[in-house]
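Grab a viewer and work through these exercises one at a time. Try each task yourself before you read the solution below it.

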Amino acid sequence: MVGSIGNLRKNSYGNYPGLNYALQVLHDSIDLPMNRALEIEARYFTKALYSDVTTNIIRTGFFGINDAKKGKSKPKGFEKKNVQKLGILGAGMMGAGIAYVSAKAGMDVVLKDVSVENAEKGKAYSENLLKGAIAKGRSTQEKADALLNKILPTATVDDLKDCDLIIEAVFEDPQLKAIVTKESEPMIKSDGFFASNTSTLPISRLAEASVNPEKFIGIHFFSPVDKMPLVEIIVGKQTSDETLAHAIDYVTQIGKVPIVVNDSHGFFILRVFGFYNFEAAAMVLEGINPQTIENVAKQAGMAIGPLAVMDEVSIELILRVIAQKESLNDNEKQLKDFFQKMADAGRLGKKVGKGFYDYPEGGKKTLWKNEFVEVKDDQPISNEDIAKRLMHAMALDSYRCLEEGVLSTTLDGDIGSMLGLGFAPHTGGVFSYIDMVGIQQFVADCDRFLPNGNQWEVPQSLRDLANQNFKFYTGNTQNWTKK
């Protein structure tokens, strides 16, 4: 029993009371008659069932995600439309992943790149995935061959003729995206549409290259595409409801979970994720031990520590995202300088073997002894506040997204944060998290953190909700509506 308690705490950090109750049932009833033991089990089951954690997990993790996967956010009045032939521009990791999941769903896929050789490399990604599936007994050679036969690697634009949908997944360069849009758009069927897989560039701006901007939309996948269930569908200023409906049909056709967001810098997921990463980097600059930051993040329920995340996405990409912002606040300017120092020192992340961590070949990664900051001997803030700064930062900007209209519903924010950000599942997502903390306490915490930067400024509308002791949810019911 003692060993079980230790393992439970090690793996769940006490975030899931139902697991603790299960062990408590064993402890309290092991020597009792069956009837009495069942009474004890029923009591603890009731406590678990009516806990906030259970409500959060059921609302977002079950009902929310399943409804999204069924296309419940689709605009009304449009018949379901399946994609029969899909064109993909760019056979890099993202394009190759999109090709795999789409062919797996039964579509004929044209995978176009600048050369047939590059396109073949993209198709090889699917081949390697299928080899692994066969080795694990999850597929057969016959099924693998059938899937691969659905992917046509090409360098010829004419092969895209009569596509129901074309998705561009080329390098994040607006001019390049405009060129491939103009070149391939005439190949789409008259009732088809065009999508960009851009991760940061505004959809409305990219749609300027299109002759049919009402048929232009963002379909943002996450890497690796074959594993990540979430897809952000980004609606541009001129995107029609019909195009949105067909985009949702496509995402559900490939078995992914769509959330709908409106156009803005970084959309929802990457924008909010930046606050997780930036707050961690800010705490490093304050002299807080990086190992403590990583440990506390995982104890709070995050899937991975923020410093490890930044190494995965690369410091180079973080700098590129910062550069795309029209203006920077004081905190962002300081962080930009810090990241630039890391980049200049060659510490670009995991891909080069060194970032916030060192990655020795064949060895275990270890945190880098950062030469640009001094770790303070006495930790300046508590572990509880470290966790709050990481989690609150994401939740606060999620509210800004809601207020600005980037998000239309709190549930999209909760689903997106759980599946796209790895936000602590026991909380149910960013808005459920505010409810768990308590909106008045949440606002008070943000005010207390304001000396750490203007990223902690609380919108007046959120203060007004706090004064009403507002809750974003009552059970499974969403209470928030745009004023």
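**Exercise 1. In which helix is I58 found?** Then work out how I58 fits into the surface around it.

Solution. Keep in mind that this is a predicted model.
- Step 1: I58 is found in helix α4.
- Step 2: check its exposure. The relative accessibility of I58 is 32%, so I58 counts as partly exposed.
- Step 3: look for nonpolar company on the surface. I58 belongs to a nonpolar patch with F45, L49, Y50, F62 and F63, and together these residues have about 650 Å² of accessible area.
- Step 4: trace the patch back to its elements. Two of them give two or more residues, α3 (34–49) and α4 (52–69). The most comes from α4, with three residues.

**Exercise 2. Work out the strand order of the eight-stranded open sheet, and say which strands stand at the edges.**

Solution.
- Step 1: walk across the sheet. The order reads β3-β2-β1-β4-β5-β6-β7-β8, and the pairing is mixed.
- Step 2: find the ends. β3 (151–154) and β8 (257–262) each have a single partner strand, so one side of each has no neighbour in the sheet.
- Step 3: add the geometry. From one strand to the next, the twist averages 25 degrees.
- Step 4: zoom in on one pair. β1 (residues 85–89) and β2 (residues 108–112) run parallel and are joined by five bridges. Pick G87, and its bridge partner in β2 is V110.

**Exercise 3. Explain why C401 and C446 do not form a bond.**

Solution.
- Step 1: take the distance. The closest cysteine sulfur to that of C401 is in C446, 14 Å away, which is too far for a bond.
- Step 2: run it the other way. Starting from C446, the closest cysteine sulfur is the one in C401, again too far at 14 Å.
- Step 3: compare with the cut-off. A disulfide needs the two sulfur atoms within 2.5 Å, and the structure holds zero disulfides.
- Step 4: check the surroundings. C401 is buried at 0% relative accessibility, and C446 is buried at 0% as well.

**Exercise 4. How many salt bridges does a search of the whole structure find?** Dissect a few of them.

Solution. The search finds 22. As background, side chains of opposite charge can pair when their charged atoms come close.
- Step 1: begin with K81 and D191, whose side chains meet at 3.5 Å, N to O. K81 sits in the loop between α4 and β1 while D191 sits in strand β5 (residues 188–196), so this pair ties together parts 110 residues apart in sequence. K81 is buried, at 17% relative accessible area, whereas D191 is partly exposed at 44%.
- Step 2: go on to D164 and K189, with their closest N and O atoms 3.4 Å apart. D164 is in strand β4 (residues 163–168) and K189 in strand β5, so the parts tied together are 25 residues apart in sequence. D164 is buried at 5%, and K189 is partly exposed at 34%.
- Step 3: try a pair within one helix. K388 and E384 form a salt bridge at 3.7 Å, N to O. Both lie in helix α16 (residues 383–404), four residues apart, or about one turn of the helix. K388 counts as buried at 15%, and E384 as exposed at 53%.
- Step 4: follow the shared partners. Salt bridges link E384, D385, K388, D445 and R448 into one network.

Technical notes. Residues numbered from 1 in each chain as written. Predicted model: local features only at pLDDT ≥ 70, side-chain atom pairs only at ≥ 80, totals over all residues. Heavy atoms only, no water. Patch = residues over 30% accessible without salt bridge, like charges linked within 9 Å, V, L, I, M, F, W, Y side chains within 5 Å. Areas by Shrake-Rupley, 256 points an atom, 1.4 Å probe, with all protein chains shown as cover. Salt bridge = Lys/Arg side-chain N within 4 Å of Asp/Glu carboxyl O. Buried < 20%, exposed > 50% of the residue type's maximum accessible area, 1.4 Å probe, protein only. Pairing = 2+ DSSP bridges. Axes fitted to C-alpha atoms, helices over the stretch in contact; angles between N-to-C directions.
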